[in-house]
Amino acid sequence: MHPKKRIAVVPGDGIGQEVVFQAVEVIEASAAPVELTHFDWGAERYLTDGVTVPPDAFTMLARDFDAILVGAIGDPRVPSNIHAKEILLGMRFKMDLYANVRPVRLLDAALCPLKNVEPGDVDFVVIRENTEGVYVDVGGCFKPGTPDEVAVQEDVNTRKGVERIIRYTFEYCERHTKQDGAPRHRVLMADKSNVLTYAHGLWQRVFKEVSGEYPQIKAEHMYVDALCLQMVRDPRSLDVIVTNNMFGDIITDLAAALQGGLGMASSGNIHPGKTAMFEPVHGSAPPIAGKNIANPFGAILTSAMMLDHLGMAKEAAKIDDAVLQAVRQKKTTQDVGGSLGTREAGEWIANAVSRG
Ligand code: NAD
Ligand code: IPM
Ligand code: MN
């Protein structure tokens, strides 16, 4: 067996490069036994030689790496977004990383736009189906460019895909605790089965079946629109949420706001037993790129999540703790109330981690 865990690093575009640079410094400061290999996939490479991801890249990643750390992909010079589709969605789909795990954790009351909320009040997880739904790119246009144009985008939900993400969520609930150590014990499915009767009717039937196998976990349901209201009005009531690909995308930006914004939100794309991919929830934020103002904490917390996944719980906890201290002491970028730049905030964490 390889003595060190092997990590592929894909900084990507815009602020992705800046935040991943800081995340890498922090991983190194943690002394985690890892070997990092950088890949230049992103807009610049695509504009230079037309390559989004080289042929066989996904087979190579699955074979040669234990995990992948991605920054963000997206650049106004590539309006078709083809490279993001092929790199990011390529990893999710072609490596079959069916569970997109997005923890929602408030580190300090000052970061939350809601009134009278303490950190422990916002501590839930969204598990987003990551390989199906409207993201499958099935559809087409009929009579394009004419007044009679028709655009169809299919929503694909398979029995196998729905079952495995729901089962993953119950297993996740069983194995994880809240920040304060209390057990997680509720799974809530969010859908629109009142309207999408075929697609989400399938989710309903599978949820009933699978939840029956976990009698110790309370199974709950909400329509996704009602869940959005609930997330803002009473985030304390939420524990583990499972939902489809697109709803998961949308509600995790809303959930990011509860944690202090997109700069604080982390995620992992997982298929148990396979090479997993980790990325902050935010994008490449072109307007703030290159200005040393992007918040690196989402990427740094994402690295901690990756190390934890690789069995390095101690290093992950050190990083999580350093971010918590930084937030409490306002050693942060401006978006979360501090006055540091991307580099300075990252260095503060790296120093705290190497001391800790
Ligand atoms: P975005 O996440 O890049 O930005 C949304 C808003 O949040 C902007 O106001 C931005 O300044 C702010 N923001 C984001 N990350 C921040 C950080 N770390 N620190 C401080 N502020 C931050 O979303 P967008 O503007 O909709 O998309 C920009 C590009 O990124 C698009 O090309 C999009 O497709 C792509 N994108 C990529 C990913 C990914 O690679 N995982 C995710 C989302 C969007
Ligand atoms: C995310 C992003 C991606 C998504 C885009 C960039 C394809 O918004 O990871 O949340 O829609 O999944
Ligand atoms: Mn998104």
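What follows is a set of questions and answers on a predicted model.

Student: Which residues are the closest to ligand 1?

Tutor: The model is predicted, and its ligand 1 has a shell of 19 residues. That shell divides into 10 nonpolar, seven polar and two charged. The closest are Ile73, Glu279, Gly283, Ala285 and Asn295.

Student: How much of the accessible area of ligand 1 does the protein cover?

Tutor: Start with the polar atoms. A backbone N or O atom of Ile73 sits 2.8 Å from an oxygen atom of ligand 1, and a backbone N or O atom of Ala285 is also placed 2.8 Å from an oxygen atom of the ligand. On its own, ligand 1 has 810 Å² of accessible area, and the protein covers 64%.

Student: Which residue places a polar side-chain atom 3.0 Å from a nitrogen atom of ligand 1?

Tutor: Look among the closest residues, which include Gly283 and Asn295. Ile73 uses a backbone atom, with an oxygen of the ligand as partner. The side-chain atom at 3.0 Å from the ligand nitrogen belongs to Glu279.

Student: Is Ser267 buried or exposed?

Tutor: Ser267 sits in the loop between H8 and strand S11 (268-270). Its contacts beyond four places in sequence include Asn100, Val101, Arg102, Thr302 and Met305. Buried means under 20% relative accessible area. Ser267 has 0%, so Ser267 is buried.

Student: Which residue offers its backbone oxygen to the side chain of Ser267 at 2.8 Å?

Tutor: Contacts of Ser267 include Phe278, Glu279 and Val281. One of these residues also has a polar side-chain atom 3.0 Å from a nitrogen atom of ligand 1. The backbone oxygen reached by Ser267 is that of Glu279.

Student: What is the span of H8 from its first C-alpha to its last?

Tutor: H8 covers residues 245-259, 15 residues in total. At 1.5 Å a residue, 21 Å is expected. The helix comes close to that, reaching 21 Å.

Student: Which residue caps the N-terminal end of H8?

Tutor: Check the backbone nitrogen of Met246. A side-chain oxygen lies 3.2 Å from that nitrogen. Past the helix comes Gly260, with a positive phi near 120 degrees. The N-terminal cap is Asn244.

Student: Why is Asp96 counted as partly exposed?

Tutor: Asp96 is in the loop between helix H4 (82-94) and strand S4 (99-105). Its phi is positive, about 55 degrees, although it is not a glycine. Partly exposed runs between 20% and 50%. Asp96 falls in that range because its relative accessible area is 23%.

Student: What is the relative accessible area of Lys143?

Tutor: Lys143 belongs to the loop between strand S6 (139-142) and strand S7 (150-153). Its phi is positive, near 50 degrees. Most residues other than glycine have a negative phi. Lys143 is partly exposed, at 39%.

Student: How far apart in space are Glu18 and Ala294?

Tutor: Glu18 lies in helix H1 (residues 15-29) and counts as buried at 17% relative accessibility. In sequence, 276 residues separate Glu18 and Ala294. From C-alpha to C-alpha, the distance is 7.6 Å.

Student: Which residue has its backbone nitrogen 2.7 Å from a polar side-chain atom of Glu18?

Tutor: Beyond four places in sequence, Glu18 touches Ile288, Ala289, Gly290, Lys291, Asn292 and Thr342. One of these supplies the backbone nitrogen at 2.7 Å. The residue is Gly290.

Conventions:
Residues numbered from 1 in each chain as written. Chains lettered and ligands numbered in written order. Predicted model: local features only at pLDDT ≥ 70, side-chain atom pairs only at ≥ 80, totals over all residues. Heavy atoms only, no water. Near = heavy atom within 4 Å. Polar contact = N/O pair within 3.5 Å; in protein donor to acceptor, adjacent residues only side chain to side chain. Areas by Shrake-Rupley, 256 points an atom, 1.4 Å probe, with all protein chains shown as cover. Nonpolar A, V, L, I, M, F, W, Y, C, P; charged D, E, K, R; others polar. Helix = DSSP H or I, 4+ residues; strand = E, 2+ residues; numbered from the N terminus. Expected span 1.5 Å × (residues − 1). Buried < 20%, exposed > 50% of the residue type's maximum accessible area, 1.4 Å probe, protein only. Contact = heavy atoms within 4.5 Å.
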